[in-house]
Amino acid sequence: MRSDDHVWREKNEGTESIFSSIGRTVRDIIGNAQEIIRSEVQLAKTEIMEEIRGAAKAAAFYAAAGICALFALGLILWACVYGLLYIVPLWLAALIVGLAMAVIGGIAFYMARKEVQRLSFKAEQTIATAKENVRWARNRFR
């Protein structure tokens, strides 16, 4: 009986080591998947922050340019009204200059709207690597 008990114990230990090995492998896979997810989230945060910093710098430059242009425009428009004053009455000169500015403002608004629609705050690199990781995982477990 002892020999049967010894054989059973050896088979049982071999089965336990296989299950232990599978358990360790599963834990490693889960740990690696968690690390991959954490790194992908960090990469997405970094990409988005870089895009936001770039947009903030561009906005600051646009604001400075807008302020300077506003002062310059005011003086130019004032000069235009005075220049037209020699041809037409004052009220008509102001109306002509105002309508011209309305047309230019409409064109500028249209161009600004096109630029805003072109902005993208997607983390394209992160999305691409995440898709690649999913493909790798699918192929790995087939």
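Arginine 118 is exposed, with a relative accessible area of 58%. This residue belongs to a predicted model, and its surroundings offer a convenient entry to the fold as a whole.

**Overall architecture**

The protein contains three helices and zero strands, arranged along the sequence in the pattern α-α-α. Helix H1 covers residues 2-84, whereas helix H2 spans 90-118 and helix H3 spans 124-140. Of the contacts with a separation of 6 or more, 68% are made by residues 24 or more positions apart.

Of the 142 residues in the protein, 6% are buried. The exposed area of the protein is about 12300 Å², and carbon and sulfur atoms supply 67% of this area.

**Salt bridges**

Side chains of opposite charge can pair when their charged atoms come close. How many salt bridges does a search of the whole structure find? The search finds two, and they are set out below.

| Salt bridge | Closest N and O atoms | Helix |
|---|---|---|
| Glutamate 35 with arginine 38 | 3.4 Å | H1 |
| Glutamate 115 with arginine 118 | 3.2 Å | H2 |

In helix H1, glutamate 35 and arginine 38 are three residues apart, so about one helical turn separates them. The acidic partner, glutamate 35, has a relative accessibility of 47% and therefore counts as partly exposed, since that class lies between the 20% and 50% limits.

The pair in helix H2 is likewise made of residues three positions apart, about one turn of the helix. Here glutamate 115 is partly exposed, at 43% relative accessibility. Its partner, arginine 118, has a relative accessible area of 58% and therefore counts as exposed, because the limit for that class is over 50%.

**Nonpolar surface patch**

Helix H2 ends at residue 118, and the loop between helix H2 and helix H3 holds phenylalanine 121. Is phenylalanine 121 exposed or only partly exposed? Its relative accessibility is 44%, so phenylalanine 121 counts as partly exposed.

Phenylalanine 121 also takes part in a nonpolar surface patch of about 440 Å². The other members of this patch are Ile48, Met49, Ile52 and Leu119. Residues enter such a patch with over 30% relative accessible area, and the 44% of phenylalanine 121 therefore meets this condition.

**Summary**

The model thus combines an α-α-α pattern with two salt bridges and a nonpolar surface patch to which Phe121 contributes.

Conventions:
Residues are numbered from 1 along each chain as its sequence is written. This is a predicted model: local features need pLDDT of at least 70, side-chain atom pairs count only at pLDDT 80 or more; totals for chains, interfaces and linings use all residues. Side-chain values use heavy atoms; hydrogens and water are left out. Helices (H or I, at least four residues) and strands (E, at least two) are DSSP runs, numbered from the N terminus. Buried means under 20% relative accessible area, exposed over 50%, partly exposed in between (1.4 Å probe, protein chains only). Contact means heavy atoms within 4.5 Å. Accessible areas come from the Shrake-Rupley method with a 1.4 Å probe; for residues, only the protein chains shown count as cover. Patches are made of residues with over 30% relative accessible area and no salt bridge: like charges are joined within 9 Å, nonpolar side chains (Val, Leu, Ile, Met, Phe, Trp, Tyr) within 5 Å. A salt bridge is a side-chain nitrogen of Lys or Arg within 4 Å of a carboxyl oxygen of Asp or Glu.
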